[in-house]
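This report describes a protein model with regard to its overall fold, its sheet and two selected residues. Please consult the sequence and structure shown here while reading.

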Amino acid sequence: MLVISQKKGDKLHIGRDITISIIDLRSNKVRLGIEAPAKYTVLRDSLFLQEQDEAKEEEAATELDSEAKACAPSEKDEQ
């Protein structure tokens, strides 16, 4: 992790496509402006973690559904 100190109005560049601007500094908050192409998703950590949890739940539900279908008797077995 790169740790740097910046002042209000300063900018950081990540590659050629992403610019992060320091918009405002308050007692315990920093306001950032992020410019990035639409192909990049920019999320706060809390939303990122929420999306990961939801994806894991969907994956688990899909696996359970697949296992249930595999265990269910087929139409041939019933005849």
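## Overall architecture

The protein contains 3 strands and 2 helices. Read from the N terminus, these elements follow the order β-β-β-α-α. The model is a predicted one, and the description below should be read accordingly.

Of the 79 residues in the protein, 9% count as buried. The accessible surface amounts to about 7,500 Å², and carbon and sulfur atoms account for 51% of that area. When contacts between residues at least 6 apart in sequence are considered, 0% of them join residues at least 24 apart.

## The sheet

The 3 strands form an open sheet in the order 1-2-3, with antiparallel pairing. Strand 1 and strand 3 are the edge strands, each pairing on one side only. From one strand to the next, the twist averages 25°. As general background, the strands of a sheet pair through backbone hydrogen bonds, in either a parallel or an antiparallel manner.

Strand 2 covers residues 18–25, and 6 of its 8 residues are buried, so this strand is largely enclosed by the rest of the structure. The cut-off behind this statement is a relative accessible area under 20%.

## Strand pairing and hairpins

Strand 1, which spans residues 11–14, pairs with strand 2 in the antiparallel sense over 4 bridges. Two bridge partners illustrate the register: K11 is matched with S21 of strand 2, and I14 is matched with I18 of strand 2. The two strands form a hairpin with 3 residues between them. Within that turn, G15 has a positive phi of about 60°.

Strand 2 is also joined to strand 3, residues 30–35, by 6 bridges, and these two strands run antiparallel. D24 stands opposite R31 in strand 3. The hairpin that joins strand 2 to strand 3 passes through 4 residues.

## H13 in strand 1

Is H13, a residue of strand 1, buried or exposed? H13 has a relative accessible area of 57%; it is classed as exposed because this value lies over the cut-off of 50%.

Leaving aside neighbours within four places in sequence, H13 is in contact with I18 and T19. With T19 there is a polar contact between the two side chains, at 3.2 Å. Looking further along the chain, H13 and I34 are 21 residues apart, and their C-alpha atoms are separated by 9.9 Å.

## A36 after strand 3

A36 is located in the loop between strand 3 and helix 1, the latter comprising residues 45–71. Its relative accessibility is 34%, and A36 therefore counts as partly exposed, since this class lies between the cut-offs of 20% and 50%.

Which residues does A36 contact, leaving aside its neighbours within four places in sequence? The residues in contact with A36 are D17, I18 and V42. I18 is thus named in the contacts of A36 and also in those of H13. The C-alpha atoms of A36 and I14 are separated by 9.5 Å, although these residues are 22 residues apart along the chain.

Definitions and conventions:
Residues numbered from 1 in each chain as written. Predicted model: local features only at pLDDT ≥ 70, side-chain atom pairs only at ≥ 80, totals over all residues. Heavy atoms only, no water. Buried < 20%, exposed > 50% of the residue type's maximum accessible area, 1.4 Å probe, protein only. Pairing = 2+ DSSP bridges. Contact = heavy atoms within 4.5 Å. Polar contact = N/O pair within 3.5 Å; in protein donor to acceptor, adjacent residues only side chain to side chain. Areas by Shrake-Rupley, 256 points an atom, 1.4 Å probe, with all protein chains shown as cover. Axes fitted to C-alpha atoms, helices over the stretch in contact; angles between N-to-C directions.
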